[in-house]
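Thanks for coming, everyone. I'd like to walk you through a few spots in this one, so have a look at the screen first.

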Amino acid sequence: FFFTFIFLSENLLELSAFRAKWMSELQPSSGGKKSVPKAADLKRRQEIAKEEKARELFLKAVEEEQSGAVYEAIKYYKSAMQLVPDIEFKINYSRTPDPDHGGSYLEDNENDRKIDDLLTYFQQQLTLCDGTMKLCEPETDTTQLHISALPFEVLMYIFRWVVSCDLDLRALEQLSLVCRGFYICARDPEIWRSACLRVWGRSCTKMLPFSSWREMFLEKPRVRFDGVYISKTSYIRQGEESLDGFYRAWHQVEYYRYLRFFPDGQVMMLTTPEDPLVTVPRLRSKNSRVDSIMFGHYRLSQDTDNQTKVYVVVSKRKEEKVAEYQRSRFCRRSPAPEAERAFHVGLQLSSGGRQRFNKLVWIHHSCRITYRSTGETVVTAFDVDKMYTPLLFARVKSYTAFSEHPL
């Protein structure tokens, strides 16, 4: 009974202490609003502790992956990202983990330093004792001919086929990820210089103010060739009144405008109500037989306001001459048009979102009609209003899936 009494007394004391603490927490502090900063400070400390734990797990996963334990690395990666989803972008890789946790990530100062010029670094690594450069070599012995046995000139010719006449520099960048030797080949200044000449012509003989031809191609405003610019326009149109006069129909009209640019200065323009899934494959080649497509040329211009403009002139393709054996009384020929129509379009090139040079804003649209009988030319300018929605770029993989000619 004595021990039971002592046990109950201790429990009562603990219960009284708990109640006193609980009541003190419920009472408002003397400062009025001091409890709010205290809670915010506690939450901040919890977030810091959680991020530190996620960092340790992520660095541990990196060590396991480097040692070949991929399964263990995946578990650590998963645990770290459950704590902090974007922990990968919050880690300072040059910082050495605490030794108490057994971390040894990036302890070597040679690997810890920042490489300013990756191209020079790779060239130094691949340079042999005799001064020659070995771009790549097979990982395992093989009886077949490896690509490293090809001369440098042949390898560069293959790279020009990868870029192709369509200027698929995206494929070149992906090819540079294969190995260090391919990275060096993909940074060849002659390839990027040829690409710049295809886009801007002889006016870009100097790469100033850019540090390289590659930087000029990536940074200088230009239209894109690996896809199509698309705009969608919708409006409500009033229909005819019914025969009994009780109601009048209203129609919702939707149509699309498509602009496809080519590196040689040519352009295709199409206005149609058909969905992009149907229309985009038809714009892959300049030899498209869609009747409503207009063909023409374009040029880039940078005005004094430092804005890049794209000027387009398109018209319907002229019909080919009919062969002699087709000229008979059973073959009805369509009469020659009495007037030629050409459409002049002015667009402002801009960037939006993550992509660059992916937006074309209308600034001018007119139609020039030339009558053959009199030679008179009539120009009709259209009001660029809200019906002219901006054209947004959409990349199409099939446009650069095949190479017809090298760069």
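Let's start with a hairpin: E7 and E8 have 5 residues between the strands, and glycine 375 in that hairpin takes a positive phi near 75 degrees. When I say strand or helix, I mean DSSP runs numbered from the N terminus, with at least four residues for helices (H or I) and at least two for strands (E). Before I go on, this is a predicted model, where local features need pLDDT of at least 70 and side-chain atom pairs count only at pLDDT 80 or more, while totals for chains, interfaces and linings use all residues. Residues are numbered from 1 along each chain as its sequence is written, and side-chain values use heavy atoms, with hydrogens and water left out.

Back to that hairpin. E7 pairs with strand E8 (residues 377-381) in the antiparallel sense, over 5 bridges; two strands count as paired if DSSP finds at least two bridges between them. One bridge to look for joins isoleucine 369 to valine 378 in E8.

Still in strand E7, there's phenylalanine 357. Its phi is near 55 degrees, a positive value in a residue other than glycine. So is phenylalanine 357 buried or exposed? Phenylalanine 357 is buried, because its relative accessible area is 5% and buried means under 20%, with exposed over 50% and partly exposed in between (1.4 Å probe, protein chains only).

Serine 164 also has a positive phi without being a glycine, near 65 degrees. You'll find serine 164 in the loop between helix H6 (152-163) and H7, and it's buried as well, at 2% relative accessible area.

Now the other strands. Strand E1 (residues 227-241) runs antiparallel to strand E2 (residues 248-261), and the two pair over 11 bridges. Serine 234 has glutamate 254 in E2 as its bridge partner. E2 then pairs with strand E3 (residues 266-272), again in the antiparallel sense, over 6 bridges, and leucine 259 is matched with methionine 269 in E3. E2 and E3 make a hairpin with 4 residues between them, and glycine 265 in the turn has a positive phi of about 95 degrees.

Over in strand E6 (residues 339-352) sits glutamate 340, partly exposed at 34% relative accessibility. Its C-alpha is 9.4 Å from that of threonine 377, although the two are 37 residues apart along the chain.

On to pockets. Rolling a probe the size of a water molecule over the atoms shows where empty space is left. A pocket here is an open set of points, on a 1 Å grid over the protein atoms alone, where a 1.4 Å probe fits, with protein on both sides within 12 Å along at least five of seven lines; lining residues have an atom within 4 Å of a point. The second largest pocket holds about 420 Å³ of space. It has 19 lining residues, and the closest to its centre are Arg170, Leu218, Arg222, Arg224 and Asp226. Helix H7 (169-175), helix H10 (213-219) and strand E7 (355-371) each give two or more residues to that lining, with the largest share, 4 residues, coming from H7.

Last, cysteines. How many disulfides are there? The count is 0, going by cysteine sulfur atoms within 2.5 Å of each other. Cysteine 165 is buried at 16% relative accessible area, whereas cysteine 179 is partly exposed at 25%.

Note on methods
Grid points are joined across faces, edges and corners, and a volume is the space filled by probe spheres set on the points.
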